[in-house]
Amino acid sequence: MKPKKLKKRIQQLEKSLREGSEKLARLKRKLQQTETAKALKAARKSAARATASARNKASSAKKPKRKLNLSPERRAQLAAAMKARWAAKRAAEGNSATSTDQNSPTPPMQPPENRGDGV
């Protein structure tokens with residue numbers, strides 16, 4: 001190979017090495033920036049979650065129970081329907097308890113009776 005050609009090849013290789021190292025440094029900087037941005041985003045997200053959960057806990061504790069606006073007739077109708085449902089449930093439990101728990105030493109437990117306060 002001629003010396004002029006060799007010099008030219010050497011210059012090209014040196015140039016590519018310089019550009020390669022610059023490109024490598026640029027890529028490393030970009031990677032570092034994305035990692036720091038990702039960490040900041042995760043920190044912000046966790047902080048937002050913490051404040052949201054604190055807000056939810058505070059708001060759920062303060063909510064009062066909603067009162068139903070029922071007329072006396074509708075309230076009596078609902079009470080009668082619930083009493084009928086509970087009686088049917090007790091009857092069903094009584095039927096299944098006699099067939100399955102015949103050898104049981106304790107009698108089957110019944111739900112507490114309605115207090116009759118009209119609710």
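## A positive patch

Let's start with charge. In this predicted model, a patch of positive charge sits on the surface, and it brings together Lys4, Lys5, Lys8 and Arg9.

Take Lys4 as a way in. This residue belongs to helix 1, which covers residues 3-62. Is Lys4 buried or exposed? Lys4 has a relative accessible area of 71%, and the cut-off for exposed is over 50%, so Lys4 counts as exposed.

## A nonpolar patch

There's a nonpolar patch on the surface too, built from Met1, Leu6 and Ile10. Taken together, these residues offer about 320 Å² of accessible area.

Leu6 is one of them, and you'll find Leu6 in helix 1. With a relative accessible area of 39%, Leu6 is partly exposed. That label fits because the value falls between the 20% and 50% cut-offs.

## The chain as a whole

Now step back to the full picture. How many helices and strands does the protein chain have? The count is two helices and zero strands.

The protein chain runs to 119 residues, and 2% of them count as buried. Its accessible surface adds up to about 11600 Å², with carbon and sulfur atoms accounting for 58% of that.

Conventions. Residues numbered from 1 in each chain as written. Predicted model: local features only at pLDDT ≥ 70, side-chain atom pairs only at ≥ 80, totals over all residues. Heavy atoms only, no water. Patch = residues over 30% accessible without salt bridge, like charges linked within 9 Å, V, L, I, M, F, W, Y side chains within 5 Å. Areas by Shrake-Rupley, 256 points an atom, 1.4 Å probe, with all protein chains shown as cover. Salt bridge = Lys/Arg side-chain N within 4 Å of Asp/Glu carboxyl O. Lys, Arg positive; Asp, Glu negative; His and termini not counted. Charge placed at Lys NZ, Arg CZ, Asp CG, Glu CD. Helix = DSSP H or I, 4+ residues; strand = E, 2+ residues; numbered from the N terminus. Buried < 20%, exposed > 50% of the residue type's maximum accessible area, 1.4 Å probe, protein only.
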